[in-house]
Amino acid sequence: MAHPSDIRAAAAQACVDRFAGRALKWGTVDCGKIALHNLRQLGISTAAWKGLDYTSEIGAAKALRQRGFGGLIDAMDALDGAFRIPPAMASTADIIGMATDGELWDCGLVVRVSPQNVLGLVDGIVTPFQPDLRHAVAAWRCNPCRT
């Protein structure tokens with residue numbers, strides 16, 4: 001049986017391997033898809049988000065709202081297996097919601113990949129970076145459900 005910290009590290013690395021360096025492409029490479037990939041790697045059900053289909057930013061927002069979510073924070077809160085924590089407590093494979101500049105989103109999602117870095121979109125490219133947690137609006141602990 002694998003230790004939970006090993007599973008968390010493997011999930012975070014799987015996100016880096018799959019997404020780092022890729023350009024934003026709504027519905028394929030975006031903050032929601034990165035977060036969902038991380039959750040699946042941990043064995044966490046993503047059924048609440050199943051079937052979300054979109055190819056644009058406006059389409060993504062519409063798809064969430066059609067499911068009854070006010071935004072990404074509501075959508076994350078609806079997932080079984082992810083529960084709210086203070087952003088400063090986020091560890092490897094946890095998800096942090098960072099404030100965004102636009103009015104369309106309540107946050108952008110990033111995955112903690114190391115004690116210092118998260119994986120998320122920077123200028124349209126998925127990149128590991130050191131976040132300023134003063135801009136974090138929410139975070140979720142994502143405990144592994146697989147062994």
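## Salt bridges, cores and loops in a predicted model

R84 has a relative accessible area of 45% and is therefore partly exposed. The structure described here is a predicted model, and every value below was computed from its atoms.

### Charged pairs

The side chain of R84 meets that of D77 in a salt bridge, with 2.9 Å from N to O, and D77 also counts as partly exposed, since its relative accessibility is 37%. Side chains of opposite charge can pair when their charged atoms come close. Across the whole structure a search finds four salt bridges, among them one between R8 and D94, whose closest N and O atoms are 2.6 Å apart. Because R8 belongs to helix 1 and D94 to the loop between strand 1 and strand 2, this pair ties together parts that lie 86 residues apart in sequence. Both partners are shielded: R8 is buried at a relative accessible area of 9%, and D94 is buried at 0%.

D132 and R134 form a further salt bridge, with their closest N and O atoms 2.7 Å apart; here D132 is partly exposed at 28%, whereas R134 counts as exposed at 72%. Through salt bridges that share partners, R8, D94 and R141 are joined into one network.

| Salt bridge | N to O distance | Relative accessible area |
|---|---|---|
| R8 and D94 | 2.6 Å | R8 9%, D94 0% |
| R84 and D77 | 2.9 Å | R84 45%, D77 37% |
| D132 and R134 | 2.7 Å | D132 28%, R134 72% |

### Two arginines in strands

R141 is part of strand 6, which covers residues 136–142. A polar atom of the R141 side chain lies 2.7 Å from the backbone oxygen of M89, and, when residues up to four places away in sequence are not counted, R141 touches R8, G81, A82, F83, I85, M89, A90, S91 and D94. The contacts of R141 thus include both other members of the network, R8 and D94.

R112, in strand 3 (residues 108–112), presents another situation. R112 is buried but has no salt bridge, and the nearest side chain of opposite charge, that of D94, is 7.1 Å away. A polar atom of the R112 side chain does, however, lie 3.2 Å from the backbone oxygen of P115. Beyond its sequence neighbours up to four places away, R112 touches residues that include A12, A90, S91, A93, D94, N117 and L133.

### The nonpolar interior

The largest nonpolar core holds 40 residues, of which W49, I95, L109 and W140 touch the most other members. Two or more residues are given to this core by each of helix 1, helix 2, helix 3, helix 4, strand 3 and strand 6, and the largest share, six residues, comes from helix 1. Leaving aside neighbours within four places in sequence, I95 is in contact with A35, N38, L39, M76, L109, V110, V111, A139, W140 and C142. Apart from this core lies another, of eight residues, among them I85, M98, V110 and V118.

Helix 1 has 16 residues, which at 1.5 Å a residue should span 22 Å, and this agrees with the 23 Å between its end C-alpha atoms. Its buried residues are I7, R8, A11, A12, A14, C15, V16 and F19, and these pack against helix 2, strand 3, strand 4, strand 5 and strand 6. After helix 1 comes G21, whose phi is positive, near 85°.

### Loops and backbone angles

Most residues other than glycine have a negative phi, and most peptide bonds are trans. A93, which is not a glycine, has a positive phi near 80°, as does D123, with a phi of about 50°. Is each of these residues buried or exposed? A93, in the loop between strand 1 and strand 2, counts as buried because its relative accessibility is 0%, whereas D123, in the loop between strand 4 and strand 5, counts as exposed because its relative accessibility is 80%.

A48 is found in the loop between helix 2 and helix 3 and is partly exposed, with a relative accessible area of 26%. The C-alpha atoms of A48 and L79 are separated by 6.1 Å, although the two residues are 31 apart along the chain. Apart from neighbours within four places in sequence, A48 is in contact with R67, F69, A78 and L79.

Notes: Residues are numbered from 1 along each chain as its sequence is written. This is a predicted model: local features need pLDDT of at least 70, side-chain atom pairs count only at pLDDT 80 or more; totals for chains, interfaces and linings use all residues. Side-chain values use heavy atoms; hydrogens and water are left out. Helices (H or I, at least four residues) and strands (E, at least two) are DSSP runs, numbered from the N terminus. A polar contact is a pair of N or O atoms within 3.5 Å; within protein, one must be able to donate a hydrogen and the other to accept it, and residues adjacent in sequence count only if both atoms are side-chain atoms. Contact means heavy atoms within 4.5 Å. Buried means under 20% relative accessible area, exposed over 50%, partly exposed in between (1.4 Å probe, protein chains only). Lys and Arg count as positive and Asp and Glu as negative; His and the chain ends are not counted. A nonpolar core is a set of buried Ala, Val, Leu, Ile, Met, Phe, Trp, Tyr and Cys residues joined through side-chain atoms within 4.5 Å. The expected span of a helix is 1.5 Å times one less than its number of residues.
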